[in-house]
Amino acid sequence: MIKVLTAEFVTTSTKLEEFPRHPIPEVAFVGRSNVGKSSMINALAHRKKLVRVSNTPGRTKTLNFFDVTLEHRAKKKVVRLCDLPGYGFAKVGKEERLAWDRMIDVYLKNRHTLKVVVTIIDAEVGPTPDDVEMLDFLQDKPPRILVVATKLDRLNKAARKPRLDQIRTQLELPANSLLGFSAHENLGRDEVWGTLLGILA
Ligand SMILES: Nc1nc2c(ncn2[C@@H]2O[C@H](COP(=O)(O)OP(=O)(O)OP(=O)(O)O)[C@@H](O)[C@H]2O)c(=O)[nH]1
Ligand SMILES: [Mg+2]
């Protein structure tokens, strides 16, 4: 059992030099705009409104850092979660989008405390070309990648496992390296935390 003891907002920022400095192991959440990154952080933190969630794509515009204290096997562990703006959002101006992409790029390449990048795919939509591009970019270098397919609640129960297998095959991921998730039905939370803690151990 993994228990969340505390979850708190640390800071919001767009610049590397302003990111929090304490060397706490960090997990970042990337994915298409509106895929459910912020909702996943709320679900993992067992909180409804730690992070702002919205129907409107492009809600998250800066990097937002949260510290979560967990209790696992009678030990306490602090993990920092970073919520990022989504990629592939066409409705903001080209200039703003380039600035976001640059910000994400700088963060992913230079953040030494970043240990795992959770790449979020929409289980219903499947991997988009932008998702594949992001996974290619993250391949073969630290930080580690965990792929999570969210909004699983949108598929009927019988369709879920075949869909996950299909996405895993499409992305050429090894067995058991894709997790299913739903922020609305609270699916996959323990599996995601378990996998993250395994990587961070
Ligand atoms: N059905 C379903 N809807 C979800 C789930 N997770 C998120 N959503 C919905 O998807 C929309 C976007 O959620 P967010 O968490 O704000 O997505 P985001 O990836 O942070 O979006 P940006 O910050 O704009 O990039 C909201 O309307 C959520 O309610 C889920 O597991 N199932
Ligand atoms: Mg968001």
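This report describes the fold, the core, the strand pairings and the ligand surroundings of one protein in a predicted model.

**Overall form**

The protein is built from five helices and seven strands. Along the sequence, these elements follow the pattern β-β-α-β-β-α-β-α-β-α-β-α. The radius of gyration is 16 Å, which agrees with the value near 17 Å that a compact globule of 201 residues would have. Along the principal axes, the C-alpha atoms occupy a box of roughly 50 × 45 × 35 Å. Of the 201 residues, 33% count as buried. Among contacts between residues at least 6 apart in sequence, 73% link residues at least 24 apart.

**The nonpolar core**

The largest nonpolar core has 42 residues, and those that touch the most other members are Ala28, Phe29, Ile41, Val118 and Val148. Two or more residues of this core come from each of β2 (26–31), α1, β3 (63–72), β4 (75–83), β5 (114–122), β6 (144–150), β7 (178–180) and α5 (189–200). Strand β5 contributes the most, with six residues. When neighbours within four places in sequence are left aside, Val148 is in contact with Val118, Ile120, Leu179, Phe181 and Val192.

**Strand pairing**

Strand β1 (residues 2–13) pairs with β3 in the antiparallel sense, over ten bridges. Within this part of the structure, Thr6 has Thr69 in β3 as its bridge partner. Strand β3 also pairs with β4, again in the antiparallel sense, over nine bridges. Phe65 stands opposite Cys82, a residue of β4. The hairpin of β3 and β4 has two residues between the strands, and Arg73 in this hairpin takes a positive phi near 50 degrees.

**Loop residues with positive phi**

Most residues other than glycine have a negative phi. Two loop residues of this protein have positive values, as the table sets out.

| Residue | Phi | Place | C-beta neighbours inside 10 Å |
|---|---|---|---|
| Arg73 | near 50 degrees | loop between β3 and β4 | 8 |
| Asn186 | about 55 degrees | loop between β7 and α5 | 12 |

Arg73 counts as exposed because it has 8 C-beta neighbours inside 10 Å, and 12 or fewer such atoms define an exposed residue. Asn186, with 12 C-beta neighbours inside 10 Å, therefore also counts as exposed.

**An exposed helix residue**

Asp105 lies in helix α2 (residues 94–110). This residue is exposed, because 11 other C-beta atoms lie within 10 Å. Asp105 and Thr195 are separated by 90 residues in sequence, and their C-alpha atoms are 24 Å apart in space.

**Surroundings of ligand 1**

Ligand 1 is surrounded by 24 residues, of which the closest are Gly36, Ser38, Ser39, Thr60 and Gly86. Helix α1 (residues 37–44) supplies the largest share of this shell, namely three residues. By class, the shell consists of 14 polar, five nonpolar and five charged residues. Helix α1 thus appears in two parts of this account: it gives two or more residues to the largest nonpolar core, and it gives three residues to the shell around ligand 1.

How values were computed
Residues are numbered from 1 along each chain as its sequence is written. Chains are lettered from A and ligands numbered from 1 in the order in which they are written. This is a predicted model: local features need pLDDT of at least 70, side-chain atom pairs count only at pLDDT 80 or more; totals for chains, interfaces and linings use all residues. A residue is near a molecule or strand if its C-beta atom, placed from the backbone, lies within 6 Å of it. Helices (H or I, at least four residues) and strands (E, at least two) are DSSP runs, numbered from the N terminus. Ala, Val, Leu, Ile, Met, Phe, Trp, Tyr, Cys and Pro count as nonpolar, Asp, Glu, Lys and Arg as charged, and the others, Gly among them, as polar. A residue is buried if 20 or more other C-beta atoms lie within 10 Å of its own, exposed if 12 or fewer, and partly exposed in between; C-beta atoms are placed from the backbone. A nonpolar core is a set of buried Ala, Val, Leu, Ile, Met, Phe, Trp, Tyr and Cys residues joined through C-beta atoms within 7 Å. Two residues are in contact if their C-beta atoms, placed from the backbone, lie within 7 Å. The radius of gyration is taken over C-alpha atoms; the globule rule is 2.2 Å times the number of residues to the power 0.38. Two strands pair if DSSP finds at least two bridges between them.
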